[in-house]
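Reader: I'd like a close look at one part of this model, and then a walk through whatever else helps me place that part. Keep it relaxed, please.

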Amino acid sequence: FNAEGFRSVAFKKHRTPRKRILLIGDSFVYGMSAAPFYNSFYDVLLSKGYLVYAAGIPGTDPAQYAAIARKYVPLLQPDAVIVCFYPGNDLMPYPRQPNTAEPYEHITNAGLLSSHINGKYYNAEDTYRYYLNLITIPRNGTLTNRFLSATATGTLLWNALRKAGIIHFTEPELKFQKLLPLTGQIAATKTCVDGWSAACDTAGAALYNVFLPDYFSPLDTRETVTCDTALAAALFGQRYYFPDSFNRKKDFPDNDYHFNNTGSRKFGEYLFALLR
C-alpha cells in the first residue's frame with residue numbers, strides 16, 4: 001500500500017519513459033478475488049511495462065471516482081485514465097458529494113454498512129441502528145408483532161408479511177430505502193461521469209470508460225456475459241468499452257461477480273490491447 005492508502009505504486013510523478021496509466025474503480029481495481037492479489041489485472045497491466053497507478057477502493061461509488069479524478073489526474077498527469085464501471089452496483093441511488101467527515105460506508109461488526117440512506121448521511125451508530133431495526137420486530141409494536149415475535153416460525157411469517165406490505169414499521173425512519181427511479185439514478189451517475197471526463201479533458205489524458213462484465217447479466221449463445229448497451233449508452237454515449245468475451249464459468253469464482261485469476265489475466269490483456 002502506498003502513502004495515500006491505495007494498493008498501488010506511490011502516487012507521484014515517477015521519472016520514467018513508461019506510459020503512465022491511472023486505474024479508477026472499486027473492489028475490481030483493488031483486486032478482490034484475485035488469489036494472491038498480485039494476480040489482479042492491475043498487476044497484469046503493470047507487468048506489461050506500463051507505470052500503473054491503481055486507485056481502487058472496495059465498496060465505493062462514482063462520486064468517489066470523480067473525486068479521485070479531480071485530485072489525482074492533475075497531480076499525476078497520466079497519459080491515460082481507465083475508469084472501471086461495474087453496472088451491478090455503480091449506479092448512484094441518490095446524488096452524493098464526497099466528504100472527508102462522512103465515510104461512504106461504516107465498518108462495523110456486522111460488515112460494511114452504507115452510510116447514505118434515502119439521500120441522507122447517517123453516523124455509524126445511527127446507521128447500525130437503522131439496519132438493525134430493519135430486521136428486528138418492534139417490541140413495543142402491535143399485538144400481532146408481539147405474538148409473531150414469540151417464535152422463530154412467527155418471526156419468519158412476520159418478515160414475509162412485511163415484505164408483502166401487510167405489516168408496516170410504526171416509525172417512519174425505519175422504512176426501507178426508496179431509491180430514485182432509474183432515470184434519476186442515471187442522471188445522478190452521469191453527473192459523476194461528466195466530472196471525471198472534465199478532469200481528463202483538462203489534463204489532456206485519454207479516457208477509457210470500461211463497462212465491466214456483470215456476472216449476473218444474461219448470457220449469449222456462447223455462454224458469455226452480455227452488455228447492457230442501453231444503460232452504457234445512457235451513461236457514456238459512444239465513449240465506452242466492453243470486453244465481450246467473459247465466460248461466467250471460466251472467468252469468475254462461483255457466485256462472485258469479481259474476476260478470478262483467469263478473468264483478471266484476461267481483463268489485464270484486454271486493457272493492454274486497448275491502450276496500444
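Where is the place of Asn118?

Author: Keep in mind that this is a predicted model. Asn118 sits in the loop between strand S6 (116–117) and strand S7 (120–121). The backbone there is worth a look: Asn118 has a positive phi of about 55°, although the residue is not a glycine. As for its surroundings, Asn118 counts as partly exposed because its relative accessibility is 36%, and partly exposed covers the range between 20% and 50%.

Ser33 is another non-glycine residue with a positive phi, in this case about 80°. You'll find Ser33 in the loop between H1 and H2, and with a relative accessible area of 25% it is partly exposed. That loop has a further backbone feature: Ala35 and Pro36 are joined by a cis peptide bond, with omega at about -10°. Pro36 lies in the loop that runs between helix H1 (27–30) and helix H2 (41–47).

Now for the sheet. Four strands make up an open, parallel sheet, in the order S2-S1-S3-S8. Strand S2 (51–56) and strand S8 (206–211) are the edge strands; each has a single partner, so one side of each has no neighbour in the sheet. On average, neighbouring strands here are turned by 15° against each other, ignoring direction. Take one pair: strand S1 (residues 20–25) runs parallel to S2, and the two share six bridges. Across that pairing, Leu22 stands opposite Tyr53 in S2.

If you're after empty space, the largest pocket has a volume of about 490 Å³. Its lining has 20 residues, and those nearest the centre are Ile57, Thr60, Gln64, Pro103 and Tyr104. Helix H3 (62–76) and strand S4 (105–108) are the elements that give two or more residues to this lining, with H3 supplying the largest share, five residues. By type, the lining splits into 11 nonpolar, five polar and four charged residues.

Last, the cysteines. The structure holds zero disulfides. For Cys84, the nearest cysteine sulfur belongs to Cys200 and is 13 Å away. Cys84 is also buried, because its relative accessibility is 1%. The sulfur of Cys192 has its closest cysteine sulfur in Cys200 too, but at 14 Å that is too far for a bond. Cys192 is buried as well, with a relative accessible area of 8%.

Methods. Residues are numbered from 1 along each chain as its sequence is written. This is a predicted model: local features need pLDDT of at least 70, side-chain atom pairs count only at pLDDT 80 or more; totals for chains, interfaces and linings use all residues. Side-chain values use heavy atoms; hydrogens and water are left out. On a 1 Å grid over the protein atoms alone, a cavity is a set of points where a 1.4 Å probe fits but cannot get out, and a pocket is an open set with protein on both sides within 12 Å along at least five of seven lines; lining residues have an atom within 4 Å of a point. Grid points are joined across faces, edges and corners, and a volume is the space filled by probe spheres set on the points. Ala, Val, Leu, Ile, Met, Phe, Trp, Tyr, Cys and Pro count as nonpolar, Asp, Glu, Lys and Arg as charged, and the others, Gly among them, as polar. A disulfide is a pair of cysteine sulfur atoms within 2.5 Å. Buried means under 20% relative accessible area, exposed over 50%, partly exposed in between (1.4 Å probe, protein chains only). Two strands pair if DSSP finds at least two bridges between them. Axes are lines fitted to C-alpha atoms, for helices over the stretch in contact, and angles run from 0 to 180 degrees between N-to-C directions.
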